[in-house]
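Student: Could we go through this structure by asking what each term rests on? I would like each value set against its definition.

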Amino acid sequence: MAKLIIQGGTPLRGLVRAGGRKNSAVAVLPAALLCDSPSVLESLPAIDDVAVYGDILQHLGCKVSASSVAPGCNGAVTIDPGGLQPAEIPYELTKRLRASYYLLGVMLARHGAAQVPLPGGCDIGLRPIDQHLKGLRALGAEVNIEHGVVNARAACLTGTSIYLDVVSVGATINIMLAATLAQGTTVIENAAREPHIVDLANYLNAAGARVQGAGTDVIRIRGVNRLNGCVHAIIPDEIEAATYMIAAASTGGDVQVNNVIPKHLDPVIAKLQEAGAEVTEEGDRLRVRMSGRPRAVNVKTLPYPGFPTDAQQPMTVLLSLAEGTSIVTESIWESRFKHVDELKRMGTNIRVEGHTAIIEGVDRLTGAPVTASDLRAGAALMVAALAAHGETVISGIELVDRGYESVTSKLKGMGANVRREQ
Ligand code: EPZ
C-alpha cells in the first residue's frame, strides 16, 4: 500500500495545472474502437484509470502507443483499432474501473456481440446498470447476465426512442456509443448533460458521427455506416480543479488553477464564494483566495449543472472548518460519506444521517493516520491533511492515483510539505 505523508497547516500558494478529464478520457478511449482507422487523443490524463483502459484496449487487439498511456506520461496517444477482436475482457481488468461497461455499447456496435464482466469502480454504494441494459435492449440487443458477465448480442442495432428513468451519465454514454453505428435515428430522453458527454459527442462527430443535442436532456443520434479516426483533445478535469480550489480555500491559501473551463465549475465557484472565498476568473484560469475562517453553507449534490457529487467529499472538509453548521445532502450515491469516519480521526464534528451529513465546524484539524476508501474520499483526506496541524499519513493512496495525476509534484508546486512512501 502506498502512503502520502503530509505535514499540514501551511496555506497553499502558487499555480497548479488541471489535467485532462478522467471521466471524458474513459469514454473517448473505447469510442476510438468504433472507428475504422486510428485516432490521436491529446491531453489524456496520466492516471491509473487511463493506463488500465490502455491495457483493456490492447487485450482486445488494438494498438495503443503504450508508453504514453503509462502513469507519469502526458500528451498524445494513438489508438489503432485495426486488430480489434471480439474477446471477453478479463475480470481482473474490468473490476479496476467502472467505465469498462462502455465496451458493451462499443463491441455491440462493432461486432454485434459483447461479453463484459460486471464493472468495478469506487465503493460508493449500489451502482445498478439497468438503464444501460434497457437502452441496449431497446436498440435490439439480447442481453443477459451469467456468472458475473454481461452477454449482449444483436444481429443489427436499430435506432429508437429511449427514455432514461434516472439521469445516468454512464447509460447516456453507452447508448450514444451503441447508437452511433445503428440503423436509423436514436433519441435519448432525460439524458445526462455533463460536459464529458459533450466532449464525447464532439469526438464522435469529428470521426463522422451525427450526434445532436449533447449537453441538453435530449440527444439525437443518426446512425452512420462507418467512422474514421480523428484527432481530439480531452477537456480539462473540473473535479481535479475543484479539489485544488477547495484545498486552497481550506488552507487559507491563494492558488491559481490553470487549464480549466470556468463555466464547468460554476456550482463549485458559487459555493466557495458563499463560504467566503474570493474567486476570480481570467480566461482558462481561476484564482482562489481565502482569509479567515470559512462560513457554513449547505450543499446538495445534483446531476450537472448542479453541485457535482465528485466534489462533495473534498467540500465536506472545507465545511468542517467553517464557522457554524453546514448540511451536505448527497442525492446521487447511496454511500458516499465513507470518508467521514476517517475525518473524525482528524478532529471534525460530522454526523451522518442517511444521505445527509450535518457538519459542526471546528477551528482546527489535527494530523492522524487515515485510510482512503475510494478515489474522492482519498482526495478529501488529502485536503484535510493539508489543512490540519501536524502530520497525516494517508494509506491507500493508489485509489487517488486512479483519478489524480502527479499528486505529489502538483502539491509540492503549491508549497505543500508532502512525500510518498511505498
Ligand atoms: C459517472 O458514474 C462517473 N463515473 C462518476 O464519477 C460520477 O460520480 C457519476 O457519473 C455521477 O456524476 C464515470 O464517468 C466513469 P450515473 P456513473 O450512471 O455513470 C443511478 C468519480 O469519482 N443509476 O450517472 O456510473 C445510480 O445508482 C466517479 O469520478 C441507475 O439507477 O453514474 C446513481 O444513483 C465515481 N441505473 C445515478 O443513477 C443505471 O443503470 C447516477 O449514476 C445507472 C445509474
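Tutor: Let us begin with H147, which lies in the loop between β7 (142–146) and β8 (149–153), where strands are DSSP runs of E of at least two residues and helices are runs of H or I of at least four, numbered from the N terminus. This is a predicted model, in which local features need pLDDT of at least 70 and side-chain atom pairs count only at pLDDT 80 or more, while totals for chains, interfaces and linings use all residues. Residues are numbered from 1 along each chain as its sequence is written, and side-chain values use heavy atoms, with hydrogens and water left out.

Student: What is the sign of phi at H147?

Tutor: H147 has a positive phi, about 50°, although it is not a glycine. Another backbone feature is the peptide bond from Y304 to P305, which is cis with omega near 10°; P305 belongs to the loop between β17 (299–300) and α11 (312–320).

Student: What makes the contact of D49 and R402 a salt bridge?

Tutor: The term requires a side-chain nitrogen of Lys or Arg within 4 Å of a carboxyl oxygen of Asp or Glu. The side chains of D49 and R402 have an N to O distance of 2.9 Å, and therefore the pair satisfies that rule. Side chains of opposite charge can pair when their charged atoms come close.

Student: Which parts of the chain do R21 and E238 link?

Tutor: R21 and E238 form a salt bridge at 2.8 Å, N to O. The pair links distant parts of the chain, with R21 in the loop between β2 (13–17) and α1 and E238 in helix α9, 217 residues apart. The structure holds 20 salt bridges, and across the interface of domain 1 and domain 2 the rule finds 1.

Student: How are domain 1 and domain 2 bounded?

Tutor: Domain 1 covers 3–19 + 236–421 and domain 2 covers 22–233, bounds that come from an automatic or database domain assignment. Their contact, meaning heavy atoms within 4.5 Å, takes 20 residues from domain 1 and 21 residues from domain 2. The C-alpha centres of the two domains lie 30 Å apart. Between them they bury about 1900 Å², 52% of it on carbon and sulfur atoms, where buried area is the accessible area (1.4 Å probe) lost on being put together, summed over both parts.

Student: Why is the largest pocket said to lie between domain 1 and domain 2?

Tutor: Both domains give residues to its lining, so the largest pocket lies between them. On a 1 Å grid over the protein atoms alone, a pocket is an open set of points with protein on both sides within 12 Å along at least five of seven lines, a cavity is a set where a 1.4 Å probe fits but cannot get out, and lining residues have an atom within 4 Å of a point. The volume of the largest pocket is about 1100 Å³, and 47 residues line it, R127, V169, G170, I332 and W333 being the closest to its centre. Elements that give two or more residues to this lining are α1 (22–31), α6 (130–138), α7 (169–179), α9 (238–250) and α13 (375–387).

Student: How does the lining of the second largest cavity divide by class, into nonpolar, polar and charged?

Tutor: I6, Q7, G8, G9, T10, L12, L386, A416 and N417 line the second largest cavity, which holds about 30 Å³ of space. Its lining has 4 nonpolar residues, 5 polar and no charged; Gly counts among the polar class, so G8 and G9 fall there. Strand β1 (residues 3–8) gives the largest share of this lining, 3 residues.

Definitions and conventions:
Grid points are joined across faces, edges and corners, and a volume is the space filled by probe spheres set on the points. Buried area is the accessible area (1.4 Å probe) that two parts lose on being put together, summed over both.
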